[in-house]
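Q: I'd like to learn how to read a few features of a structure. Can we put it on screen and go through them one by one?

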Amino acid sequence: MSGPTQIYRQLFSFLRQHSHYRDLRHLIALGWMVSALICSERLSLSAWESYVPCRARKAQSVERRWQRFIANQRIDINKLYVPLVLLALKNWHSHRLYLAMDTTVLWNEYCMIHLSVVCCGRAVPLLWKVLEHKSAAVAFEEYQPLLRQARWLLRQHPDVMVLADRGFANHQLMSWLQQSHWHYCLRVPCDVLLHGPRQCPREVRQLWPSKGEALLYRNVGLWEDGIYRCNLVLANIRGVKEPWAVITDESPTLQTLWQYALRFRVEELFLDSKSGVFELEESKIRCADALERLYLVAAVALLFSTTQGMAVHIKGLRQQVDPHWRRGISYLKIGLRWLKGVVHKGRELLMPVPLLCHDPQPCFASKKAQKKHYNKIWFSRIRSLQCKAL
């Protein structure tokens with residue numbers, strides 16, 4: 001049995017067993033598309049022909065098969081993907097789930113909203129939505145359906161925290177988070193008005209601490225009305241361009257900065273989806289609905305390869321694909337290299353494992369990268385910490 005066929009059969013088995021889907025034709029097509037993407041590492045329909053056995057004699061016939069899948073409005077992304085990612089999170093019920101929310105722009109025409117689970121130095125897609133929108137800033141009404149769906153899917157997880165950048169901090173999101181009883185760490189812009197019990201409203205920019213210091217504020221009112229109360233951490237870190245203003249519903253500590261920093265894991269996901277691994281922008285597809293279905297292929301490949309990489313690490317086989325003494329590449333790339341070895345070197349195809357709650361070996365590529373990483377540990381560079389009343 002050829003390597004791509006082994007990968008396809010395992011993918012098809014997982015899709016058929018766990019996805020709430022009845023149309024086998026869609027499962028078969030998706031399984032072959034994910035297998036071809038893993039082998040080619042290109043999210044381009046024309047690049048998959050050589051990795052899919054079929055009776056068609058023309059490459060155009062194979063490509064049209066994928067085009068029909070991408071254009072098919074009956075494809076239900078949630079029924080195909082959500083059961084797989086929930087299965088991968090089955091061991092997380094007693095651990096906090098960090099959900100990173102962010103956007104990325106494709107070709108200055110489409111905006112993709114991501115809601116992802118932070119896991120072992122990376123982010124794994126949970127839900128996504130594509131809009132025909134030229135800006136990365138989107139209204140609350142656009143991503144509220146994702147949050148509502150995530151709340152329903154994660155109703156069995158008692159501890160969830162949302163992480164988001166400045167563009168998401170608004171009245172509607174704060175109200176929704178308070179009603180949902182989800183924790184949050186959100187960065188706010190420097191022009192946000194703050195209300196305290198003693199002074200007139202002041203902008204965040206008027207309160208920046210000195211370099212290397214952080215200030216903690218409790219029970220601060222936000223915006224002009226001051227209705228929404230939260231805790232605030234201001235930090236001016238050496239080596240960072242702009243100071244941070246992070247609001248949270250939990251007690252303000254340096255842990256708040258560490259939690260907000262986990263949001264940057266979604267940037268690595270964007271890099272993997274684009275130029276890092278899968279070359280999303282090479283797809284040449286210009287339709288929001290079709291891009292959502294195309295990203296389904298990428299999301300399944302990301303999840304499958306990541307869990308495969310974790311299985312490789314647990315089996316003690318990491319150094320066969322990673323030249324570093326310690327883990328030097330992500331679990332996604334470990335999994336992709338192992339799967340390519342299945343295709344080209346006859347390696348054993350391992351059974352994927354659920355996503356790990358704790359990283360057994362954090363990733364450092366080199367001594368230089370390790371030093372750079374430690375220089376970016378924000379809470380270790382803050383020499384003075386003060387708790388004040390606004």
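Q: How many bridges join strand 1 to strand 4, and do they run parallel or antiparallel?

A: Two strands count as paired if DSSP finds at least two bridges between them. Here 5 bridges join strand 1 to strand 4, and the two run parallel. To find your place, look for A100, which stands opposite L163 in strand 4. One thing to keep in mind: this is a predicted model, where local features need pLDDT of at least 70 and side-chain atom pairs count only at pLDDT 80 or more, while totals for chains, interfaces and linings use all residues. Residues are numbered from 1 along each chain as its sequence is written, and side-chain values use heavy atoms, with hydrogens and water left out.

Q: And what counts as a strand or a helix?

A: Both are DSSP runs numbered from the N terminus: helices are H or I with at least four residues, strands are E with at least two.

Q: Which way do strand 1 and strand 2 run, parallel or antiparallel?

A: Antiparallel, with 8 bridges joining them. D102 has H114 as its bridge partner in strand 2. The hairpin of these strands has 3 residues between them, and there W107 takes a positive phi near 55°.

Q: Is strand 1 largely enclosed or exposed, and why?

A: Go by relative accessible area: buried means under 20%, exposed means over 50%, and partly exposed is in between (1.4 Å probe, protein chains only). Strand 1 covers residues 97–106, and 9 of its 10 residues are buried, so the strand is largely enclosed by the rest of the structure.

Q: Let's turn to charges. What is a salt bridge?

A: Side chains of opposite charge can pair when their charged atoms come close. The rule used is a side-chain nitrogen of Lys or Arg within 4 Å of a carboxyl oxygen of Asp or Glu. By this rule the count comes to 17 salt bridges.

Q: Which partners does R166 have?

A: R166 pairs with D165, with the closest N and O atoms 4.0 Å apart. R166 also pairs with E242, and there the closest N and O atoms are 2.9 Å apart. That second pair links distant parts of the chain, 76 residues apart: E242 sits in the loop between strand 9 (229–236) and strand 10 (244–248), R166 in the loop between strand 4 (160–164) and helix 6 (171–180). R166 is partly exposed at 32% relative accessibility, and E242 is partly exposed too, at 40%.

Q: Which residues make up the network of salt bridges around R166?

A: D102, D165, R166, R187, E242, R263 and E267 are linked in it. You've already met D102 as the bridge partner of H114.

Q: Are R318 and D322 buried or exposed?

A: Buried: R318 has a relative accessible area of 6%, and D322 has 1%. Their side chains meet in a salt bridge, 2.9 Å from N to O.

Q: Now empty space. What separates a cavity from a pocket?

A: Both are sets of points on a 1 Å grid over the protein atoms alone. In a cavity a 1.4 Å probe fits but cannot get out, while a pocket is an open set with protein on both sides within 12 Å along at least five of seven lines; lining residues have an atom within 4 Å of a point. Grid points are joined across faces, edges and corners, and a volume is the space filled by probe spheres set on the points. The whole structure has 2 cavities of 30 Å³ or more.

Q: What lines the largest cavity?

A: It holds about 100 Å³ of space and has 13 lining residues, with R122, A123, V124, T306 and L332 nearest its centre. Strand 3 supplies the largest share, 4 residues. For residue classes, Ala, Val, Leu, Ile, Met, Phe, Trp, Tyr, Cys and Pro count as nonpolar, Asp, Glu, Lys and Arg as charged, and the others, Gly among them, as polar. This lining divides into 10 nonpolar, 1 polar and 2 charged.

Q: Which element gives the most to the second largest cavity's lining?

A: Helix 8, with 3 residues. The second largest cavity has about 30 Å³ of space, and its lining residues include H114, F270 and Y295.
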